[in-house]
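Me: I would like to go through this structure with you. May I put some short questions?

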There are 2 protein chains.
Amino acid sequence: MPVTLLEQLIDALRILPGVGQKTAQRMAYHVLERERDGGRRLSETLASAIERIGHCTRCRDFSETETCATCASASRDGHQLCAVESPADRLAIEQATGYRGLYYVLQGRLSPLDGIGPAELGLDRLARRLAEGGVSELIIATNPTVEGEATAHYLAQLARQHGVRPSRLAHGVPLGGELEYVDRGTLSHAFGSRGDMP
Amino acid sequence: MPVTLLEQLIDALRILPGVGQKTAQRMAYHVLERERDGGRRLSETLASAIERIGHCTRCRDFSETETCATCASASRDGHQLCAVESPADRLAIEQATGYRGLYYVLQGRLSPLDGIGPAELGLDRLARRLAEGGVSELIIATNPTVEGEATAHYLAQLARQHGVRPSRLAHGVPLGGELEYVDRGTLSHAFGSRGDMP
């Protein structure tokens, strides 16, 4: 049990991902020695972020407001909807691509063993949205893991039921990767899905 | 400039050592997705630690009280005083060795170029303490860097002026290290300081 305030601080820091005892110690000492102002700001920002950041009612991404800035924007194309597992995935796509459509953040993936089914991912709400019409393509950008693929199949079925075209991010050899080090599954898939040279 | 609260949180997390943009992002998402309770506790503990943790008036280590628990303890041996650069070094020695004496935390090392002289390290207070008598050995455990060695020499002089025996942690080949990969300086030192086999 942490007794002193310093031990309590080290303990509290360990909720951060990838932070163990040693790193938490280093962080606590660093803040107390050199970053007291920054530490105060972190404490306040953390409290108000936890207090005020909820989920967008349209896309389930993090948002301070009822509808997030992307969903509220008039310049985004409502015909395309991109389903991602997490806000971090959404951000990665937003930063890497020129995509101008909207997003749907599942906040997880189908995982019956962990008790995560369609209801937990808000798929009923997604179904209602597809039923409303207006969406012509559902871009499925779940992770290429077993659970992500299962989720992708489920989403594709859901889209087809509502007359929406489902699409999936391409699989293949990553840019800058070396064939020698690419795993067999990826290489086999990339070989099978080869395209004509432009 | 961070605009949304989420961006502000990511920005605030970057004061932590070793945390860049990507890690801060991951931490913010993790806390908001799965650790809101832990995040609240971290915010509160951080604020009160910054508010209440100051320095022990005896040894300059972090302490919530005027005198830290080690300095106030009746079971520690006041004849030995161990000088370290930082609270983290103090903790490392406390955890690794069976040392039962007291500590003196310099909170830095002599570094004239950075404007850190004897006054900044509280060496006047250390001198008064050595002058009081009662201390017979000053164990100098500054880091084996250029600045740490300079500080060690200064401390050794200070100790001798007050009739206190200065000692220094042994240098040599680290346990479990391989000679092939030990740096030249260390190996040369270890060879020169070789001792008889017990």
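Me: Which residue of chain A comes closest to the rotation axis?
Reply: This is a predicted model. In it, Ser43(A) comes closest, with its C-alpha at 2.1 Å from the rotation axis.

Me: What turn lays chain A on chain B?
Reply: A turn of 180° with a shift of 0.0 Å along the axis does so, and the RMSD is 0.1 Å. That is the relation of a two-fold axis.

Me: How many residues does each chain give to the contact?
Reply: Chain A gives 44 residues and chain B gives 44 residues. Of the interface residues of chain A, 100% are also interface residues in chain B, so the copies meet through the same surface.

Me: And what area is buried between chain A and chain B?
Reply: About 4400 Å², with 73% of that given by carbon and sulfur atoms. On the side of chain A, Leu5(A), Ile15(A) and Ile50(A) lose the most area to chain B, together 17% of what that side buries.

Me: Which element gives the most to the side of chain A that touches chain B?
Reply: That is α3(A), with 14 residues. Between the two chains there are nine residue pairs in polar contact, and the count of salt bridges is zero.

Me: Changing topic: how many disulfides does the structure hold?
Reply: Zero, over all chains. For Cys82(A), the nearest cysteine sulfur is that of Cys59(A), 11 Å away.

Me: Why is there no bond between Cys82(B) and Cys59(B)?
Reply: Their sulfur atoms are 11 Å apart, which is too far for a bond.

Me: Is Cys82(B) buried or exposed?
Reply: Cys82(B) counts as buried, because its relative accessibility is 2%. Cys82(A), at 3%, also counts as buried.

Key: Residues numbered from 1 in each chain as written. Chains lettered and ligands numbered in written order. Predicted model: local features only at pLDDT ≥ 70, side-chain atom pairs only at ≥ 80, totals over all residues. Heavy atoms only, no water. Disulfide = S-S within 2.5 Å. Buried < 20%, exposed > 50% of the residue type's maximum accessible area, 1.4 Å probe, protein only. Least-squares fit on C-alpha atoms with pLDDT ≥ 70 in both. Contact = heavy atoms within 4.5 Å. Buried area = accessible area lost by both parts, 1.4 Å probe. Salt bridge = Lys/Arg side-chain N within 4 Å of Asp/Glu carboxyl O. Polar contact = N/O pair within 3.5 Å; in protein donor to acceptor, adjacent residues only side chain to side chain. Helix = DSSP H or I, 4+ residues; strand = E, 2+ residues; numbered from the N terminus.
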